[in-house]
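Colleague: I would like a close look at one part of this model, the surroundings of ligand 1, and at how that part fits into the rest of the chain. Please take it slowly, and connect the details where they share a residue or an element.

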Amino acid sequence: MIVGVPKEIKADEYRVAMLPVGVEELTGAGHSVLIEAGAGLGSGIADAQYESAGASIVRAPAEIWSKAELIVKVKEPLPTEWPHIRPGQVLFTYFHFAADEALTRAVLASDATAIAYETLRDARGGLPLLTPMSEVAGRMSIQEGAKFLERPQEGRGILLSGVPGVAPADVAVLGGGVVGSNAAKVAAGMGANVTILDVNLDRLRYLDDISPPNVTTLYSDRHTIREAIERADLVIGAVLIIGARAPRLVRRDDLRRMKPGAVIVDVAIDQGGCVETSRPTTHHSPTYVIDGIVHYCVTNMPGAVGRTSTYALCNVTLPYVLQFAEHGWRSVASRDPGVAEGVNIDQGRVTNRAVARTFDLPYEEWTDRPPAATSAPIVTG
Ligand SMILES: NC(=O)C1=CN([C@@H]2O[C@H](COP(=O)(O)OP(=O)(O)OC[C@H]3O[C@@H](n4cnc5c(N)ncnc54)[C@H](O)[C@@H]3O)[C@@H](O)[C@H]2O)C=CC1
Ligand SMILES: CC(=O)C(=O)O
């Protein structure tokens, strides 16, 4: 199989979807790997390292898109990449379709197959390809929140930890999953008073068991959310309903009840954000202020720590890439229902219920039978 790894083109995205060891494993098994020149530089990996592992370095991204049967990426294809997507091609990357109708329709129209990192499940029902990036983003959310609480960054001029004689900050974490628990761990470690809100009581019981005394758990409802964000200096948005648009837990009216200069880091922005006033931002221009509240809504937070994130991501994606190359993704997905849950779009059909519902598109349960050919098959070689 020909596997292609284009350079990421999203703003401030320094990750790459494959390590040299991945190239070595794939080429050792008889596959070809095309890596775009410079794709690894943001993560400190030189073209020569890929080449010595057996990759072909390709200058023109169009050549990768036109030759590869399996495209392995980090972020969703951007509009300039859409025309390159080919019928029958398989794209393995983050998509977050529910936050982007134009992307959804472009991939549907392409007759390609989209296997989304963020909905693929493991045998325990976890999200193995989302988890490492959620760990990164959860930890970063406190680092970033702390920075934007500084007065020159338009925050309220609060040091998260406080100092002897002055109280620490209050941090409210909406959603106690991977992002939320990692955010809470870092914030609590810095000495902040942390409140985690979630609708999953078993999860709250677990967090209550393992957390230090400066972490409180609360069942998440409209009243507890409102009270927690009114108290908070820093709010972390960390909810997820798999495949779906994030629920809007904080409304515009709520901002007026918050402390002026408080900061919201809406990590869930990649699924549309859990705050009504959130809109995507970039690492270069990460924040904006509405009603006195600083909003940080970067959709690719782990991209800023490319080296750590690339390794953490590729550790978990490579085993799937190897299986797809070796056995074909249809055969892998037909044997592993967790992989089938990753298939969001398959050659013109929406095969993820939440995505279909978000855009009122027809839903078809995924089966291993390829749809009747509607376009010319992909040309390889
Ligand atoms: N902006 C970025 O760069 C990144 C964003 N993310 C995103 O962060 C979000 C969270 O991801 P994970 O923590 O991995 O998900 P997760 O599934 O581990 O945790 C989500 C939690 O939200 C809870 N939840 C659902 N509805 C809720 C409600 N109404 N109130 C309170 N809690 C509620 C769930 O019970 C669950 O515990 C996702 O959208 C993910 O894609 C992840 C990594 C990077
Ligand atoms: C999860 C995701 O979208 C990211 O790591 O950028």
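Modeller: What follows begins at the ligand, moves outward to the core and the domains, and ends with a few loops and a helix.

The model is a predicted one, and everything below should be read as computed from it. Ligand 1 is surrounded by 35 residues, of which S134, G175, G177, V179 and M301 are the closest. The elements that give two or more residues to this shell are α5 (131-148), α6 (178-189) and β8 (193-198). Sorted by class, the shell around ligand 1 is made up of 21 nonpolar, 10 polar and four charged residues.

Among the closest residues, G177 deserves a paragraph of its own. G177 sits in the loop between β7 and α6, and because there are 21 C-beta neighbours inside 10 Å, G177 counts as buried. If residues up to four places away in sequence are not counted, G177 touches A238 and L240. As a point of reference on the wider fold, G177 and P61 are 116 residues apart in sequence, and their C-alpha atoms are 36 Å apart in space.

The strand on one side of that loop, β7 (170-174), leads to the nonpolar core. The largest nonpolar core holds 120 residues, and those that touch the most other members are V171, V173, L174, A187 and I236. Since domain 1 (2-116 + 305-359) and domain 2 (134-299) both contribute residues to this core, the core lies between them. V171 shows some of the connections: apart from its neighbours within four places in sequence, V171 is in contact with A187, A192, N193, V194, A232, L234 and I236.

The two domains can also be described by how they meet. Their centres, taken over C-alpha atoms, are separated by 31 Å, and the contact between them involves 13 residues of domain 1 and 12 residues of domain 2. On the side of domain 1 that touches domain 2, α10 and α13 (353-359) each supply at least two residues. That side of domain 1 divides into seven nonpolar residues, five polar and one charged.

Ligand 2 offers a second set of surroundings to set beside the first. The residues around ligand 2 are K75, Y94, E118, L130, M133, D270, N300 and P302, and by class they comprise four nonpolar, one polar and three charged residues.

Several loops are worth inspecting in the viewer. G273 is found in the loop between β11 (263-266) and β12 (287-290), and it is buried because 27 other C-beta atoms lie within 10 Å. Leaving aside neighbours within four places in sequence, G273 is in contact with G237, A246, D266, A268, S278 and C297. G273 and P247 are 26 residues apart in sequence, yet 7.6 Å apart from C-alpha to C-alpha.

Two residues that are not glycines have a positive phi. H96 has a phi of about 50° and lies in the loop between β5 (90-93) and α4 (101-110); with 24 C-beta neighbours inside 10 Å, H96 counts as buried. E154, with a phi of about 80°, lies in the loop between α5 and β7, and its 17 C-beta neighbours inside 10 Å make E154 count as partly exposed.

Helix α1 (residues 20-28) brings the view back to domain packing, with P20, G22, V23, E25 and L26 buried. The buried residues of α1 pack against β1 (2-5), β2 (32-36), α2 (47-52) and α10 (306-327). α10 is also one of the helices that supply residues to the side of domain 1 that touches domain 2. α1 is followed by G30, which has a positive phi near 95°.

Finally, the chain as a whole gives these details their setting. The chain contains 13 helices and 15 strands, and its radius of gyration of 21 Å is close to the 21 Å that the globule rule gives for 381 residues, so the chain is as compact as a globular protein of that length. Along its principal axes the C-alpha trace spans about 70 × 45 × 35 Å. Of the 381 residues, 53% count as buried, and among contacts between residues at least 6 apart in sequence, 66% join residues at least 24 apart.

Technical notes. Residues are numbered from 1 along each chain as its sequence is written. Chains are lettered from A and ligands numbered from 1 in the order in which they are written. This is a predicted model: local features need pLDDT of at least 70, side-chain atom pairs count only at pLDDT 80 or more; totals for chains, interfaces and linings use all residues. A nonpolar core is a set of buried Ala, Val, Leu, Ile, Met, Phe, Trp, Tyr and Cys residues joined through C-beta atoms within 7 Å. A residue is buried if 20 or more other C-beta atoms lie within 10 Å of its own, exposed if 12 or fewer, and partly exposed in between; C-beta atoms are placed from the backbone. Domain bounds come from an automatic or database domain assignment. Two residues are in contact if their C-beta atoms, placed from the backbone, lie within 7 Å. Helices (H or I, at least four residues) and strands (E, at least two) are DSSP runs, numbered from the N terminus. A residue is near a molecule or strand if its C-beta atom, placed from the backbone, lies within 6 Å of it. Ala, Val, Leu, Ile, Met, Phe, Trp, Tyr, Cys and Pro count as nonpolar, Asp, Glu, Lys and Arg as charged, and the others, Gly among them, as polar. The radius of gyration is taken over C-alpha atoms; the globule rule is 2.2 Å times the number of residues to the power 0.38.
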